[in-house]
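Welcome to a short tour of one protein chain. Have a look at the structure first, and then we can walk through it topic by topic.

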Amino acid sequence: MTISDLSQALSLTKGTISRALNGYPDISEATRIRVIRAAQAMGYRPLSHAQAIRTGRSQSLALVIHLAEPDAYRPFLAEFLAGLTQAASAEGWTITIATADTEADSLRLMRDLVQERKADGFILPRVHRDDPRIAALAALDTPFICYGRPKDAERMSFFDIDSEAAMSEAVGKLAALGHRRIGYIGSAQSYAFSHHRHAGYRAGLALAGMDPAPELVEAAVSREESVAAAAALLRLARPPTAILCATDVLASGVYDAAAAAGLEIGADLSVIGYDNAPEAQAMWPRLATFAVDNRAAGAALGRMLIARITEPEHPPSQMILPAEFRPGGSIGQPARTPEQLAQHLARRREGMTF
């Protein structure tokens, strides 16, 4: 299949076909889409090296995955990549995925991909509040889009889920059930999402007329750390009757801590997570959580980055979508006051029966 075959099939000149495939602004959107779809259907693939020389683009989006992350992106990666690759393919673009063990490796890989003209732009997942990748790509004059809202996000392109609103909504649901001591286990504050979710928790408390209590807030980055964090909350003189978690992985740690303390989730202790990860679907009782459509997120990020690359003169594009609450048996009305729960736990620790 050659460009001449495509030209003949569509009754368009080879120049029009070439300019449509390469995203030139003088070609209408309808014509561009028609040419791309026909090229895909007929199996036409431009020579990537020649195309890169001609246009200065490789038509490839890049994603560098940092393997040192606590859960190696498990909760969202498969669905996210499916959406991203489908969106890129629809536009005739490809995806380059690299892995790195350290932050320094990530920065080196991004620099190499740019210098070797193997990537036209980058998607930055799990953005940090102060993310060194942003400064590195700005120095390379390379387009990028953040999955999350870092500091100074108003000046850059990003896609995010409104997890702040989700956490506030979660507190409201627990307060409506009668909970007045609501604990929170967040992730590392270096992550942008962790900052927003903690802010949402505090906003929810304010809306419910509850003052924030510093002793009710813990941080963890793994299931094991969350077990310890939840155990610490349950040892308080006035323990929480409900615990809100920044991720489902952290919520699974609360389940373990509750089981060790002899508490029944949903009856003795309410729990809400975030992510609707496979871990949540396997918990019993089913975890109440917030679902994120990671496939749709990947597709949106791919389309937004391609637009950013092909239309660099346009202002930054930004999108925030809501998370959807998924009810579960992990929440209910508090069976005891915080004081009664403390006494109950103390008796269990002392080996008393009741």
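Here is a briefing that starts with the whole chain and then moves on to its cores, helices and loops.

Please keep in mind that this is a predicted model. The chain has 354 residues, and 49% of them are buried. Its secondary structure comes to 14 helices and 12 strands.

**The chain as a whole**

- The C-alpha atoms fill a box of roughly 85 × 35 × 30 Å along the principal axes.
- Counting contacts between residues at least 6 apart in sequence, 70% join residues that are at least 24 apart.
- A search of the whole structure for disulfides finds zero.
- Two cysteines are worth finding in the view: Cys146 counts as buried because its relative accessibility is 0%, under the 20% cut-off.
- Cys245 also has a relative accessibility of 0%, so this cysteine counts as buried too.

**The nonpolar cores**

- The largest nonpolar core has 69 residues, and the members that touch the most others are Phe80, Tyr147, Ile185 and Val271.
- Leaving out residues up to four places away in sequence, Phe80 touches Leu63, Ile123, Tyr147, Asn294, Arg295, Ala297, Gly298 and Leu301.
- Another core lies apart from the largest one; this core has 19 residues, including Leu113, Phe122, Val127 and Phe158.

**Helices α1 and α2**

- Helix α1 covers residues 3-10 and helix α2 covers residues 14-21; their axes come within 9 Å and cross at roughly 105°.
- That angle makes α1 roughly perpendicular to α2, because crossings of 65 to 115 degrees are counted that way.
- Where the two helices meet, α1 contributes Ile3, Ser4, Leu6, Ser7 and Leu10, while α2 contributes Lys14, Ile17, Ser18 and Leu21.
- The buried residues to look for in α2 are Ile17, Ser18, Ala20 and Leu21.
- These residues cover an arc of only 165° around the axis, so they sit on the same side of α2.
- Ala20, in helix α2, is buried because its relative accessible area is 1%, under the 20% cut-off.
- Setting aside neighbours within four places in sequence, Ala20 is in contact with Ile27, Arg32 and Val35.
- For a sense of scale, Ala20 and Thr102 are 82 residues apart in sequence and 40 Å apart in space, C-alpha to C-alpha.

**Helix α7, with two sides**

- Which residues of helix α7 (residues 132-139) are buried? They are Arg133, Ile134 and Leu137.
- Viewed down the axis of α7, the buried residues fall within an arc of 100°, so they line one face of the helix.
- In general, an α-helix has 3.6 residues a turn, so residues three or four places apart point the same way.
- Ala135, Ala138 and Ala139 are exposed on the other side of α7.
- The buried residues of α7 pack against α6 (103-115), β3 (121-124) and β4 (144-147).
- Just after α7 comes Asp141, which takes a positive phi of about 55°.

**Loops and backbone details**

- As background for the next points, most residues other than glycine have a negative phi, and most peptide bonds are trans.
- Arg117, in the loop between α6 and β3, is not a glycine, yet has a positive phi of about 55°.
- Arg117 counts as partly exposed because its relative accessibility of 44% falls between the cut-offs of 20% and 50%.
- Asn276 is another residue other than glycine with a positive phi of about 55°; Asn276 lies in the loop between β9 (270-272) and α12.
- Trp284 and Pro285 are joined by a cis peptide bond, with omega at about -5°.
- Pro285 belongs to the loop between α12 (278-282) and β10 (289-291).
- Is Thr247, in the loop between β8 (242-245) and α11 (248-261), buried or exposed? Thr247 is buried, because its relative accessible area of 13% is under the 20% cut-off.
- Not counting neighbours within four places in sequence, Thr247 is in contact with Phe193, Arg197, Gly273, Tyr274 and Asp275.

Key:
Residues numbered from 1 in each chain as written. Predicted model: local features only at pLDDT ≥ 70, side-chain atom pairs only at ≥ 80, totals over all residues. Heavy atoms only, no water. Disulfide = S-S within 2.5 Å. Buried < 20%, exposed > 50% of the residue type's maximum accessible area, 1.4 Å probe, protein only. Core = buried A, V, L, I, M, F, W, Y, C linked by side-chain atoms within 4.5 Å. Contact = heavy atoms within 4.5 Å. Helix = DSSP H or I, 4+ residues; strand = E, 2+ residues; numbered from the N terminus. Arc of directions from axis to C-beta. Axes fitted to C-alpha atoms, helices over the stretch in contact; angles between N-to-C directions. Parallel < 35°, antiparallel > 145°, perpendicular 65-115°, else oblique.
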